[in-house]
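Open the model in your viewer and follow the stops below. Each one gives a selection and then what is there.

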Amino acid sequence: MKTSMLAITATLIGTGAMAQDLPQADSAWFTDAQERLQAQLEAQPNTNTAKNVIILIADGNGVGTNYATRMFMGQQDGGFGDDYVMHHETFPSLGLVKTYNVNSQTPDSAGTGTAMMSGVKTDIGVLGVNSNVDRGDCSTLPGNEVANASEIFTELGKEVGIVSTARITHATPGAAYAHSVDRNFAATLPEGCNTQKTIADQLLDAMYEGRVDVAMGGGRRNFITGDMTDNEGDSGRREDGRNLIEEAQENGIAYAWNAETAGELPTDGSTPILGIFEDSHMSYEADRGDEPSLSEMTEIALTNLQAKAGDNGFFMQVEAGRVDHAHHGNNLARTVTDGAEFVRTIEMVDEMTNDEDTLIIVTADHEHSFALNGYCGRGSDILGLCMGINNQGVENTGEPVMAADGKPYTVGMYTNGSSSVLLEQPGGEFFGSRPVVTNEEAQDIDYVQQALVPRSSESHSAEDVAVYGKGPFAHLLEGTVEQNYIFHVMHHAFTAE
Amino acid sequence: MTNPTRRSIVAGLAAGFVPALARSATAEDMLKLRELYDANQNFSALAKELEGRTVSVEGFMAPPLKADIEFFVLTKKPMSVCPFCETEAEWPDDILAVYTRRGFDVVPFNRGIEVTGELSLGPRRHEDTGFLSMVRIENARFSYG
């Protein structure tokens, strides 16, 4: 009986392998894989012209970090984590992305943002310019600007929206609308710099000119001066006596600064939207108070773009900017809680759009020096200790794996950062030993995973990131690609005939 | 380094990311910095209950403002600077000023410590530096965590 059922399955699936009578054929692992195979065989590329393109970027969310968020979400869901499927992991297309900058093996978000928003790689630390500039030298800017997404896609007739949990003048959102020889020229410029405006100025210029219709994120301090205070009493960084937020409102742009005013924003497409919700970056999702979440901001932006664009379509960049910042602080708990909010945002965006006319791309700008230990049994908390493998069952033994120093270790760690186990000694030498950590201590939201190389801040790494896609021409996002190629896929999807 | 005014504002607005857990006021338990604040960035009920009493808090010693100074800032995580994402140090929201009984030896910023002393709430400005703190441990001593 068993054999005949297998034969029927084999006939239905119709693959050569299934014509054989295999003892493992009724295993769920086997049948699940056969279902996946069948789905892949039936998949057809979508070659519709894209009306809309949405790129969602989690800053610092390389393959390893994506794994950590998958484990976290799956374990929050009550499982072991490994077999959990995040929404973007259901997308049909997947590639690997090489993220290096022209002059830096280890990239930063300005160089990578420019690659994705302009289609060319450039140097580390610069926005919307090619690699002929010298970082920080305004005199090298003229003639070296490259067109960015807000310019290119507006010319195609698209509305443009930008959402980030980082400061809205930060590298990834800035790459969509700004040209700057230094990513740090957000509020002020060096003396004598007369070839460019500040990044905050450039955002407002883009909104006045209709190149950016929605901008939501953090960073009010870059829009007001030091003697002014914002909606929450914090002073600004500008030195030119201007209040760009008031100027924006006077020019008909709807403004929000907290959760309540965000909820009152018009979303009928009648008005450009500027939401700036914190003095600096927005809060980590784990700490969020009176401000909208990434998914809430994205819903507002997407609704407004859909209303305004209609059949003309839109381009939207959404950034989970603080995945990166939590990594910089060696704090995996906040990394994955922001990562989980990023995944919820992806799912919502997918639900609000149509695969027939909307290309959705999910990727990261770079990875971090985050690393994973072994050998851990199933169900070891991604935030906790590596527990032993159970040879008599599936779930881990509940006993921590001990290192050669007789101490347990966490599943995730960092190769460098401020939580280095090496301590500076009088005289300047560094040495030390690993602190003992319990599972409960490691699971705390404020726990910083141990690192080796002492640095004031944990660093990015050059490891590949993934790119996931669905919708028109998503099938072009396959193989191992240069990061600037992503722009070309988006542009092709918009312009294909 | 940010200026003392900025830091004092941060300290004043210090945000606990999680509401203080319901727990009885006792100095026997090691407190976490976040337990001193509620979800609205005000002092928690626990902090008010413990005001004036001896408490112990775990954290990290941020590099002192200058040598031979009688206070330091306790942070919940090692004080760090992100060279590629910040133009200057971003101080965390929840910090605590620690005034020691006497001078103290500087501990590497990434070495966990446990501070014990008298919990003091409300503004206090350090005369020499102008550093304004809103919550402190005074007459403090500390040990390695």
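Start with α10(A) and α12(A): the two helices pass in a right-handed crossing. The model is predicted. Select residues 294-309 of chain A for helix α10. Its axis and that of α12(A) come within 8 Å and cross at roughly 25°. That angle is under 35 degrees, so α10(A) and α12(A) count as roughly parallel.

Now show side chains at this contact. From α10(A), pick L294(A), S295(A), T298(A), E299(A) and L302(A). Facing them in α12(A) are E341(A), F342(A), R344(A), T345(A), M348(A), V349(A) and M352(A). By class, this contact holds 6 nonpolar, 3 polar and 3 charged residues.

Keep α12(A), residues 332-352, and add helix α3, residues 63-76 of chain A. Here the axes lie 9 Å apart, at an angle of about 80°. The pair is therefore roughly perpendicular. T65(A), A68(A), T69(A), F72(A) and M73(A) of α3(A) meet L332(A), T335(A), V336(A), G339(A), A340(A) and V343(A) of α12(A). This contact divides into 7 nonpolar, 4 polar and no charged residues.

Next, the strands. Select β6(A), residues 273-276. Which of its residues are buried? I273(A) and G275(A) are buried on one side, L274(A) and I276(A) on the other. Both faces are thus covered.

Add β4(A), residues 214-218, which pairs with β6(A) in the parallel sense over 4 bridges. Look for G217(A) opposite I276(A).

Finish with β5(A), residues 254-256, joined to β6(A) by 3 bridges and also running parallel. There, A254(A) has I273(A) as its bridge partner.

Methods:
Residues numbered from 1 in each chain as written. Chains lettered and ligands numbered in written order. Predicted model: local features only at pLDDT ≥ 70, side-chain atom pairs only at ≥ 80, totals over all residues. Axes fitted to C-alpha atoms, helices over the stretch in contact; angles between N-to-C directions. Parallel < 35°, antiparallel > 145°, perpendicular 65-115°, else oblique. Contact = placed C-beta atoms within 7 Å. Nonpolar A, V, L, I, M, F, W, Y, C, P; charged D, E, K, R; others polar. Buried ≥ 20, exposed ≤ 12 C-beta atoms within 10 Å, placed from the backbone. Pairing = 2+ DSSP bridges. Left-handed = near helix turned anticlockwise from the far one by under 90°.
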